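Morning, everyone. I'd like to take a few minutes on one structure, so let me put it up on the screen.

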Amino acid sequence: KPFHRILLTGAAGGLGKILREKLKDWTDILRVSDLADLGAAQEGEEVVQCDLADKAAVMDLVKDVELILHFGGISVEASFEDIMRANIQGTYNIYEAAHHHKVRRVIFASSNHTIGFYKTTDFIDATMPPRPDGIYGVSKCFGESLSRYYYDRVGIETVCVRIGSAFPAPANRRMLTTYLSYDDLVELLRCAAFTPRVGYTIVFGVSDNREKWWSNHAASHLGYEPQDSSDKFAHLFPDTGRYPDADDVGSTYQGGGFILSGPQYKP
Ligand code: NAI
Ligand code: 15L
């Protein structure tokens, strides 16, 4: 197999459970980790339950790993204190350990909430300034800046995947635009893992949906070509002619409802 040992953090989460199955073809050993229980190790796996905020534990976690898929952390808006531990301290620990153990590449599960304050009428690319829509989005911007620094300073390559909405199906009108199918996610991660040189790359994790907010021209070297589209779900959210709706903050900004969920939002 192309890799000997890959580390997947967040392996008990929604995406982690999918990737735990899919990544096995790439690697002799898949080391899966989470704060939550992961059950027994399956064939070809190592299971490590630990808190990303525990630096000593993360140092051990990263030992002898060739590639890290960093999906662990808080995945929605929450208090600054909780996000600081899991996403800021946690991601720092991953990069410090990666540097210590000479890991050459990280794939970081970033988020569209790094840019959630762009409007749903905007069309943007990865060269444009971040506009996070909450503390969660700010923590993902931290991860993107941190990984940029570790590339410039010590040469650890990172692909930051600004995931849209990776679920079995879109849950609302907004997600027709942000939808990322699981198959396209795996294909994008394959591109991120196997492209010979990625340097520091930001890519939007989105399927080939009819409506587009994001251009991936700055990541064309990855060769990612999404095969799926949210079109087959379009009937679930018929066009009312009111998207964006001037009276509705959630449909005015790309981050949707996240805009309204930060601790700073006062109705
Ligand atoms: P999830 O919330 O289902 O999974 C995250 C996992 O991280 C959980 O199993 C949780 O136990 C673990 N975790 C949280 N704090 C931790 C800590 N301190 N130490 C160790 N593990 C900890 O989220 P999901 O949907 O699987 O997302 C995975 C990653 O992708 C997250 O980083 C999320 O921010 C990112 N993402 C996901 C999107 C999606 O559409 N599913 C969209 C954008 C980003
Ligand atoms: C995210 O960053 C979240 O992790 C995920 O749960 C979804 O809410 C997604 O963004 C989204 O914007 O739909």
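I'll walk through the strands, a helix, the core, the two ligands and then a few odd spots.

One thing before we start: what you see is a predicted model.

Okay, strands. Let's begin with β1 and β2. These two pair in the parallel sense, with six bridges between them. If you want a place to look, find L8, which stands opposite V32 in β2. Now, β2 has eight residues and six of them are buried, so the rest of the structure largely encloses this strand.

Then go over to β7, residues 157-163. It runs parallel to β8, and six bridges join the two. Here the pair to look for is T158 and its bridge partner in β8, Y200. Strand β8 covers residues 200-205, and it is mostly covered too: five of its six residues are buried.

Next, helix α1, residues 14-22. Which residues of α1 are buried? They are L15, G16, L19 and R20. Looking down the axis of α1, those buried residues fall within an arc of 140 degrees, so they line one face of the helix. And what covers them? The cover includes β1, β2 and β4, that last one being residues 67-70. So keep α1 in mind, please; we'll come back to this helix with the ligands.

On to the core. The largest nonpolar core has 59 residues. The ones with the most contacts inside it are L8, V62, I68, A98, I107, V161 and A192. You'll recognise L8 there, the residue I just pointed out opposite V32. As for where this core comes from, helix α3, residues 80-100, gives the largest share, seven residues. Let me zoom in on I107. Setting aside neighbours within four places in sequence, I107 is in contact with L69, H70, V159, V161, L189, A192 and A193. Two of those, V161 and A192, are also on the list of residues with the most contacts in the core.

Now the ligands. Ligand 1 has 25 residues around it, and the ones that come nearest are G13, L15, S75, A109 and I163. Three elements give two or more residues to that shell: α1, α3 and β5, residues 105-111. Which element gives the most? That's α1, with three residues. So L15 shows up twice in this talk: it is among the buried residues of α1, and it is one of the residues nearest to ligand 1. By class, the shell around ligand 1 has 13 nonpolar, ten polar and two charged residues.

Ligand 2 is surrounded by S75, V76, S111, N112, H113, S165, M175 and T178. How many of these are charged? By class we have two nonpolar, six polar and no charged residues. You'll have spotted S75 in that list, and S75 is also one of the residues nearest to ligand 1.

T178 takes us to helix α5, residues 175-178, where T177 sits. Is T177 buried or exposed? The count is 23 other C-beta atoms within 10 Å, and 20 or more makes a residue buried, so T177 is buried. Leaving out residues up to four places away in sequence, T177 touches N209, E211 and W213. Also, T177 and S207 are 30 residues apart in sequence, with 8.6 Å from C-alpha to C-alpha.

Another spot to look at is G250, in helix α7, residues 249-252. G250 has 18 C-beta neighbours inside 10 Å, so it counts as partly exposed. Its contacts, beyond four places in sequence, are G256, G257, I259 and L260. Along the chain, G250 and R174 are 76 residues apart, and their C-alpha atoms are separated by 8.7 Å.

Last, some backbone oddities. The peptide bond from Y243 to P244 is cis, with omega near 0 degrees. P244 is in the loop between β9 and α7.

Then there are two positive phi values in residues other than glycine. For D64, phi is near 65 degrees; D64 lies in the loop between α2 and β4. For K102, phi is near 60 degrees, and K102 is in the loop between α3 and β5. D64 counts as exposed because it has 12 C-beta neighbours inside 10 Å. K102 is exposed as well, with 12 other C-beta atoms within 10 Å.

That's my tour. Over to you.

Terms used:
Residues are numbered from 1 along each chain as its sequence is written. Chains are lettered from A and ligands numbered from 1 in the order in which they are written. This is a predicted model: local features need pLDDT of at least 70, side-chain atom pairs count only at pLDDT 80 or more; totals for chains, interfaces and linings use all residues. Helices (H or I, at least four residues) and strands (E, at least two) are DSSP runs, numbered from the N terminus. Two residues are in contact if their C-beta atoms, placed from the backbone, lie within 7 Å. A nonpolar core is a set of buried Ala, Val, Leu, Ile, Met, Phe, Trp, Tyr and Cys residues joined through C-beta atoms within 7 Å. A residue is near a molecule or strand if its C-beta atom, placed from the backbone, lies within 6 Å of it. Ala, Val, Leu, Ile, Met, Phe, Trp, Tyr, Cys and Pro count as nonpolar, Asp, Glu, Lys and Arg as charged, and the others, Gly among them, as polar. The arc is that of the directions from the helix axis to the C-beta atoms. Two strands pair if DSSP finds at least two bridges between them.
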